[in-house]
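The following exercises concern a sheet and the enclosed spaces of one protein chain. Please work through each task before reading its solution.

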Amino acid sequence: MEKPAICGGKPACSAPVQYGKQYIDDADIHAVTEVLKSDFLTCGPQIPALEKKFCEITGAKYAVAVSNGTAALHCACLAADIGPGDEVITTPITFAASANCVSYCGAKPVFADIDPETYNIDPGAVEACITEKTKAVIPVHYTGQAVAYDEIASICKKHGLILIQDAAHAIGTRYKGSPIGSLGDMTCFSSHPVKTVTSGEGGVITTNDEGLYKKLLLARSHGITRDRSLMAHPSDDPWYYEMVSLGYNYRLTDMQAALLSSQLDKLSVFSARRKDIVARYDEAFRRVDGIIVQKEIPESDTTRHLYILQLDPEVLTCSRRRFFDAMNAENIHCQVHYIPVYLLPYYQKLGYPAGLCPKAERLYERIISIPLYYSLTDEQVEEVISAVRKICAYYHK
Ligand SMILES: *Cc1c(COP(=O)(O)O)cnc(C)c1O
């Protein structure tokens with residue numbers, strides 16, 4: 001049997017491979033440098049141009065570009081009028097920001113457990129968490145795979161709840177043929193460098209509702225408006241503006257907007273490559289004893305942001321930590337997405353009990369994210385597969 005590198009064997013990869021990485025080409029560099037030579041570094045023409053392109057890609061009526069995905073979620077919560085006394089239901093298997101946006105508003109995040117096969121929030125668990133205080137639901141399209149959208153949307157409709165999707169992983173994904181971003185009240189995207197398209201930092205909210213759109217614009221820029229229809233005391237004075245609500249400075253710069261526009265031109269290419277890698281991984285890992293592959297629902301045509309291996313403790317003798325270290329020794333730098341949010345010390349201090357979502361906690365103990373990004377070569381993909389095969393065979397019961 002071939003020895004894993006952690007036991008003195010030869011590493012599968014000659015150079016380190018990360019779990020995620022951006023891809024920047026000359027067109028991206030050109031787009032940014034053109035803005036640097038122009039008159040506007042912020043509040044310029046790149047912002048509406050990006051928003052228009054985002055609407056074309058997602059099929060949404062309105063798009064609002066903001067400084068990052070967390071700001072997108074915060075703006076969506078502000079536009080939904082979420083405040084003290086409200087509860088908002090989300091998943092624990094997500095980045096902290098999906099819950100923090102609720103906490104920023106003085107409201108309470110409530111965690112509904114996941115489906116142990118798709119790893120997405122379970123609609124039945126969402127319904128069970130609803131109280132008279134529930135105001136909204138924030139499902140996360142985890143790894144890029146669409147949630148059971150129709151089921152969640154009908155629960156929201158039945159109980160009069162606002163549906164805010166965290167689509168930080170899901171640009172390019174379609175649900176029953178509709179692009180993520182075209183459905184629901186508001187959808188929030190991130191363009192952090194590990195995500196499918198990047199602007200360094202950046203975020204976008206899409207909506208089909210004009211009222212929400214106007215509130216998102218206010219939240220992005222100090223609550224200040226030049227829209228007479230929103231003013232308390234409309235005036236003809238050319239310098240006149242009003243601050244009508246308490247907003248923030250969550251604006252994106254024109255350099256970032258130009259970069260994101262240029263990246264969006266490559267979305268279908270990025271998406272195709274990610275699908276190819278996922279297909280190869282799925283095919284290989286379905287045949288590896290000790291590995292459980294994430295279930296895909298037929299409704300989701302997925303552009304995957306993350307590829308997750310679930311380790312089967314019934315088959316493997318090594319711990320997840322040992323597996324992680326073994327991959328590291330193979331020169332493959334993995335991650336774990338995510339520690340259940342309510343187990344983070346901030347939320348623990350607020351009194352969320354361990355054991356709250358047992359399926360999420362069990363999944364967390366077993367998962368590891370392996371490399372998935374556009375520029376990962378076929379050779380690297382095969383090296384990752386052989387590393388996993390080697391480690392699983394070595395630590396087989
Ligand atoms: C990345 C991410 C965010 C936050 O986006 P930023 O742009 O980093 O602020 C929110 N939710 C999820 C699920 C994410 O992966």
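Strands (E, at least two residues) and helices (H or I, at least four) are DSSP runs numbered from the N terminus, and two strands pair if DSSP finds at least two bridges between them. The model is predicted: local features need pLDDT of at least 70, side-chain atom pairs count only at pLDDT 80 or more, and totals for chains, interfaces and linings use all residues. Residues are numbered from 1 along each chain as its sequence is written, and side-chain values use heavy atoms, without hydrogens and water.

**Exercise 1.** State which residue of β5 stands opposite valine 137, and place the strands in their sheet.

*Solution.* Step 1: valine 137 faces leucine 163 in β5. Step 2: β4 (residues 134-138) and β5 (residues 162-166) pair in the parallel sense over two bridges. Step 3: the open sheet has seven strands in the order β1-β9-β8-β5-β4-β2-β3, with mixed pairing. Its edge strands, β1 (62-66) and β3 (108-111), each pair on one side only.

**Exercise 2.** Determine where the largest cavity lies with respect to domain 1 and domain 2.

*Solution.* Step 1: a cavity is a set of points, on a 1 Å grid over the protein atoms alone, where a 1.4 Å probe fits but cannot get out; lining residues have an atom within 4 Å of a point. Step 2: the lining of the largest cavity includes Lys21, Val197, Arg274 and Tyr374. Step 3: domain 1 (26-264) and domain 2 (267-394), with bounds from an automatic or database domain assignment, both contribute lining residues, so this cavity lies between them.

Technical notes. On a 1 Å grid over the protein atoms alone, a cavity is a set of points where a 1.4 Å probe fits but cannot get out, and a pocket is an open set with protein on both sides within 12 Å along at least five of seven lines; lining residues have an atom within 4 Å of a point.
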